[in-house]
Every structure is written in structure tokens, then in C-alpha cells.
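Work through the exercises below with the sequence and the model side by side. Try each task before reading its solution.

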Amino acid sequence: MAKILVVDDAAFMRLMLKDILTKGGHEVVGEAENGLVAIERYNNLKPDLVTMDITMPEMEGIDAVREIKKADPSARIVMCSAMGQQMMVVQAIQAGAKDFIVKPFQPDRVLDSVKKALG
């Protein structure tokens with residue numbers, strides 16, 4: 001079981017992910033609605049893993065990944081992207097993300113990705 005921080009600007013997406021993760025035996029220790037809040041929550045909560053949306057107001061997910069990885073090189077982050085964001089996914093992986101999941105979320109894929117990132 002992992003402690004997970006869920007980052008997405010859409011409340012219903014956070015809720016969906018939270019539901020999938022808790023049913024999968026993980027604990028969602030926090031949520032954030034943009035990259036700036038994500039960095040602050042990451043530093044306070046020290047989660048085992050972060051699910052990070054790419055497109056958000058205030059600060060994009062990729063920038064947040066870079067900041068989190070700068071502060072904690074061992075951070076484990078899984079990106080969440082909508083279809084058609086392949087270039088951004090590549091940038092996210094280069095920034096230090098371990099894996100990515102595509103919206104709409106498939107529960108099995110989400111849990112496999114989390115397991116892979118934690119492994």
C-alpha cells in the first residue's frame with residue numbers, strides 16, 4: 001500500500017483517481033489542484049507517489065515534476081494525460097516521471113502504472 005498525492009485541476013478527476021486508488025488498497029494522503037499546490041503538498045506530506053495531471057492553471061504538471069524532482073530526486077511521479085498529448089508525455093518522462101496514464105482512466109491501467117512506478 002502506498003501513500004499517494006493526487007494532482008489534477010478537475011475535482012471529478014481527483015475523485016475518480018482517489019476511488020480507483022483506494023479500492024486498489026492505496027491511501028490518498030492529499031490532493032492538489034495545480035502544480036504550485038502540488039509542490040507544497042509534496043514537501044509537507046512526503047507521499048510515496050504522485051499522480052500528476054499535465055495541463056493545469058498556475059503551474060503545468062511538467063514544471064511541477066521538475067521542481068519536485070529537483071527537491072527530491074527519488075520522487076516517484078506518474079503523469080496523467082488526455083489523448084493526443086504524446087509530446088507532453090515525452091517531456092514529462094524526460095523531466096523525471098516514471099510512467100503515464102491516459103484519461104479516461106482504466107482502473108487496471110492506473111493500478112498497474114502505480115505498481116510499476118513503486119517497483
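**Exercise 1. Find what covers the buried residues of helix H2, and describe the two ends of this helix.**

Begin with the cover: the buried residues of H2 are covered by elements that include strand S1 (3–7), strand S2 (27–32), S3 and helix H3 (61–71), where helices (H or I, at least four residues) and strands (E, at least two) are DSSP runs numbered from the N terminus. This is a predicted model, in which local features need pLDDT of at least 70 and side-chain atom pairs count only at pLDDT 80 or more, while totals for chains, interfaces and linings use all residues. Residues are numbered from 1 along each chain as its sequence is written, and side-chain values use heavy atoms, with hydrogens and water left out.

Next, list the residues concerned: in H2 (residues 35–45), Gly 35, Val 37, Ala 38, Ile 39 and Tyr 42 are buried, a word that stands for under 20% relative accessible area, with exposed over 50% and partly exposed in between (1.4 Å probe, protein chains only).

Finally, look at the ends. At the start of H2, the backbone nitrogen of Leu 36 has a side-chain oxygen of Asn 34 within 2.9 Å, and after H2 comes Lys 46, with a positive phi near 50 degrees.

**Exercise 2. Describe how H2 packs against H3.**

Two packed helices are described by the angle between their axes and the distance between the axes. For H2 and H3 the angle is about 20 degrees and the axes are 9 Å apart; axes are lines fitted to C-alpha atoms, for helices over the stretch in contact, and angles run from 0 to 180 degrees between N-to-C directions. H2 is therefore roughly parallel to H3, since angles under 35 degrees count as roughly parallel, over 145 as roughly antiparallel, 65 to 115 as roughly perpendicular and the rest as oblique.

Now name the residues that meet, with contact meaning heavy atoms within 4.5 Å: Gly 35, Ala 38, Ile 39, Tyr 42 and Asn 43 come from H2, and Ala 64, Glu 67, Ile 68 and Ala 71 come from H3. Sorted by class, the contact of H2 with H3 has six nonpolar, two polar and one charged residues, where Ala, Val, Leu, Ile, Met, Phe, Trp, Tyr, Cys and Pro count as nonpolar, Asp, Glu, Lys and Arg as charged, and the others, Gly among them, as polar.

**Exercise 3. State how H1 and H5 are oriented, and which residues join them.**

The axes of H1 (residues 11–23) and H5 (residues 107–118) come within 10 Å and cross at roughly 70 degrees, so the two helices H1 and H5 are roughly perpendicular. On the H1 side the contact is made by Leu 17, Ile 20 and Leu 21, and on the H5 side by Pro 107, Val 110, Leu 111 and Val 114. This contact of H1 with H5 has seven nonpolar residues, no polar and no charged ones.

**Exercise 4. Place Asp 53 in its surroundings.**

Asp 53 lies in strand S3 (residues 49–53), and a relative accessible area of 3% makes Asp 53 buried. Its side chain is joined to that of Lys 103 by a polar contact of 3.0 Å (a pair of N or O atoms within 3.5 Å; within protein, one must be able to donate a hydrogen and the other to accept it, and residues adjacent in sequence count only if both atoms are side-chain atoms). Beyond its neighbours within four places in sequence, Asp 53 is in contact with residues including Val 7, Asp 8, Met 79 and Cys 80.
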